[in-house]
Amino acid sequence: MADSTFPVPGALEAAPHGRRWSQAAFLAWLHDWVVTVDHKKLGILYMLYSIFFLLVGGVEAILIRIQLVRPDMHFLSPWVFNRVFTMHGTTMVFLVGMTYIFGFANYLVPLMVGARDMAFPRLNALSFWLTFFGGILLYYSFIGGYGLYGASSAPDTMWWAYSPLTERAFSPGHAPDYWALSLIVTGFGTIGASINVIATALCLRCKGMTLMRLPLFVWLNVVTSFLALLAITPLTAAQVMLLIDRYLGGHFFDTQAGGSALIWAHFFWIFGHPEVYVLVLPAFAIANEVIPVFSRKAIFGYPAMAAASVGIAFVSLGVWAHHMFTIGMTSVGNTFFVLSTMLVGIPTGIKIFNWVATMWGGKIRFATPMLFCTAFLFQFLIAGLTGIILSVAPWNWQLHNSYFVIAHFHYVLVGAIVFCIFAGIYYWYPKVTGRMLSEKLGKWHFWLFVIGFHVSFDTMHVLGILGMPRSIFTYEADRGWAPWNFVVSIGGFIQAIAVLVFAFNLVHSYFKGRVAGNDPWDAWTLEWATPSPPPAYNFAEDPVVTSRRPLWDIKHPEDPDWRYE
Amino acid sequence: MSTLAVAQAEREQAWVQPSKGRVAMFCLILAESTIFTIFVVAYVYNIGKSLYGPTPQILEVPIWNSIFLLSSSLTIWLAERAVEHGRIKSFGLWWALTFVLGAIFLVGTGIEWHKLIYEDGLTISTNLFGTTFYSLVGLHASHVILGLIALFTVLMFTVTGHVRKEHADRIQVLALYWHFVDAVWIVVFTVVYVIGR
Ligand code: HEM
Ligand SMILES: [Cu+2]
């Protein structure tokens, strides 16, 4: 009983025509990508942008690790070292983390809700190009940081740019201006893109796609977008204040005129903590699609998953000062932020239980996407536990600004988020390009990356407990940190090799990969009902759905899902 | 076959979703509110912290200005009702009046700032009070300017006869923004001229 209607896959697709290279053809092709308002093309642009900067930020990480591989190294000067880690952090959070979100969301949200495009296609293009421009502006600081007066310089004030270091008196030149302007511009891009995701998911759903039938991927991206609207804007506001200080002689963070350095820290973390959830929720979104499909079971506890995401978003708005325990607070303040931080563990725990319960008793297929998601589960659990450790104020006084913190957040940012990004790319690459990524290279990529990851970041916890502070450009041999640092650096190089394997796989499989077909993973959401790659209009006929897994209903007319809803 | 009938019935229900323009505008307002919140917090946090220079006592309460701005919410509401019922002429009049009231507010702010700068010697770099005052009031004023540009665009469409009844929905989305700008003024007014003085 096919109660859902779909276009006949492939029937309306134009035959791919052989493209011969000529300058005119190339310009036409380029023009097409620059002026496009198609959500799929913009999604691909976001992803390419994100992957490009992942490589750039990766190179910066390798520079850091070479400098720290042995005590008393002189590979980078202290000044360059500061710039490199500032750019590494800023790049990874704002140019990689914030763009992969909209890469996936742009490509998939309209397909998953059965729409033909985003709600505001031109706003979508504007948002991407703002973000693009912002990234260029940040990297232009290497050339223009000192204006016309001297050598190049990138910002060197860390990714949190604490004041008063960023004030004119302490940071002359333009490096902090590039930093602030670039993040304001990418922030506007984020706001536009978030509005678009929300409007698409709430207003363009196909018939029958009630809120309780939205794929969890869409649910989490809506929550992410709301959180981004609330999180990015405090940073925008604080950066406008910083620019007022630097350009108009204002005194917001000017401690000599009664201004406050503390308030910058508050504003930054009011942004900064929700931001880390903005980054991680879309990773959860990917896991929510991959884990059920490769466990051959419907997701366990759909409503609990949706509710837990909303819960995480709410709680994350009230925990920011756990980054500021060492700045000093009243005991009431300390207690509040310790408890509110620990509270995050509850909705997060619900999620982990639900993923495990989804896998429990399933017929698990360990294809590359599932491998990445399985590792994600373990690593995210550990990262959450070190987070709880850090949320205990006395522990925090000891561990703050040590490598333990670096280990904690890289466990999340790499161990959870980057792992899920890889899972998502292996999972949806066939849809986007029409070809499978090589499983063999994928396995190499996965194992090298997991091994490199654990060699690096497990060891980093030890360094933190031994008292190595973050952001130092070198250390003396008698500290006892040398062997550990050596191991961390080795792990970094292994990860770099894994990422190169991945990059090679991306390019190689684009030309040589196995042809994917419409639905290579035997999945259940609407995007797999379209040809690979989908035509510009996505669906020739507006789909109608009657359950959470519309493709299951079509494939199993004898036992459709809507019977159980 | 009863299941089929159920599914059929479900399909025939009207499939209504929220208007995307409204959803987007509410999201924008949410984001903007957060920006204002941060600036308001910075203002309140810094009240009385200036180490030197003029203090908030030099401010005069802009009663008339506020009345002009707030009454523009009423006129734009009347304009919305007019276009909804297809009374384009009266829509144009109310809309133009809204624009004029907003413009008067802006001029009033200009006069106030002129006095502060040239008589009281308060600029954005004079002291902490100047920094926070001009930033917060200026942030609001810049939103008024954006709103006026939008209002003016619609006004031009109206004058050239391009506005019709079916545009009511879009016009109402834009009006939401103007209502927001007015509502924020109440907050700014309270913080700057009532609490902070
Ligand atoms: C879910 C994803 C998470 C991400 C992306 C994340 C990311 C981060 C980042 C980037 C920092 C350090 C910022 C810096 O100092 O430069 C940090 C610190 C911290 N995180 Fe997490 N975190 C996550 C989850 C958690 C959880 C679940 C908890 C606790 C329940 C937690 C507790 C903390 C604490 C207390 C600190 C402060 C450590 C310090 O600076 O002394 N985090 N986290
Ligand atoms: Cu945090």
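## A guided tour of chains A and B

Begin by selecting A:Asn124, which is buried, with a relative accessible area of 0%. The model under view is a predicted one. A:Asn124 belongs to helix α4 of chain A, which covers residues 121–144. Display the side chains around it: apart from neighbours within four places in sequence, A:Asn124 is in contact with A:His39, A:Leu42, A:Asn106, A:Met118 and A:Asn196.

Next, select A:Ser50, in helix α2 (residues 39–68) of chain A. Is this residue buried or exposed? Its relative accessible area is 3%, under the 20% cut-off, and A:Ser50 is therefore buried. Once neighbours within four places in sequence are set aside, its contacts are A:Leu95, A:Val96, A:Thr99 and A:Tyr100. Add A:Phe102 to the selection: 52 residues separate it from A:Ser50 along the chain, and the two C-alpha atoms are 9.7 Å apart.

**The metal sites**

Move to the copper ion (ligand 2). Which residues coordinate this ion? The donors are ND1 of A:His273, NE2 of A:His322 and NE2 of A:His323, at 1.8 to 2.0 Å. Along the chain, these donors follow the spacing H-x48-H-H. Distant parts of the chain are linked here: A:His273 lies in helix α7 (residues 261–295) of chain A, whereas A:His322, 49 residues apart from it, lies in the loop between α8 (302–316) and α9 (331–343). Both A:His273 and A:His322 are buried.

From the copper ion (ligand 2), centre the view on the iron atom of ligand 1; the distance between the two metals is 4.4 Å. Which protein donor serves the iron atom? A:His408 is the only one, through NE2 at 2.1 Å. Follow the backbone from there to see that A:His408 is part of helix α13 (residues 403–433) of chain A.

**Backbone features of chain A**

Four loop positions come next. Select A:Ser163 and A:Pro164, which are joined by a cis peptide bond with omega of about 0°. A:Pro164 sits in the loop between α4 and α5 (175–203) of chain A. Then go to A:Ser532 and A:Pro533, where the peptide bond is also cis, with omega near -10°. The loop that holds A:Pro533 runs between α15 (482–512) and α16 (550–555) of chain A.

Now select A:Asp72, in the loop between α2 and α3 (78–113) of chain A. Although A:Asp72 is not a glycine, its phi is positive, at about 55°. A relative accessible area of 44% makes A:Asp72 partly exposed. At A:Asn401, a residue other than glycine, phi is likewise positive and near 55°. A:Asn401 is located in the loop between α12 (393–399) and α13 of chain A; it is partly exposed, with a relative accessible area of 28%.

**Chain B**

Finally, isolate chain B. How many helices and strands does chain B have? There are six helices and zero strands, so the order from the N terminus reads α-α-α-α-α-α. The C-alpha trace extends over about 80 × 45 × 20 Å along its principal axes. The radius of gyration of chain B is 22 Å, while a compact globule of 197 residues would have one near 16 Å.

Colour chain B by accessibility: 45% of its 197 residues are buried. The exposed area of chain B is about 9700 Å², of which carbon and sulfur atoms supply 71%. Among contacts in chain B with a separation of 6 or more, 83% involve residues 24 or more positions apart. As a last display, show the 12 positive and 12 negative charges of chain B, whose mean positions are 6 Å apart.

Technical notes:
Residues are numbered from 1 along each chain as its sequence is written. Chains are lettered from A and ligands numbered from 1 in the order in which they are written. This is a predicted model: local features need pLDDT of at least 70, side-chain atom pairs count only at pLDDT 80 or more; totals for chains, interfaces and linings use all residues. Side-chain values use heavy atoms; hydrogens and water are left out. Helices (H or I, at least four residues) and strands (E, at least two) are DSSP runs, numbered from the N terminus. The radius of gyration is taken over C-alpha atoms; the globule rule is 2.2 Å times the number of residues to the power 0.38. Buried means under 20% relative accessible area, exposed over 50%, partly exposed in between (1.4 Å probe, protein chains only). Contact means heavy atoms within 4.5 Å. Accessible areas come from the Shrake-Rupley method with a 1.4 Å probe; for residues, only the protein chains shown count as cover. Lys and Arg count as positive and Asp and Glu as negative; His and the chain ends are not counted. The place of a charge is taken as NZ of Lys, CZ of Arg, CG of Asp or CD of Glu. Donors are N, O and S atoms within 2.8 Å of the metal (3.2 Å for Na, K and Ca); water is not among the atoms, so sites may look incomplete.
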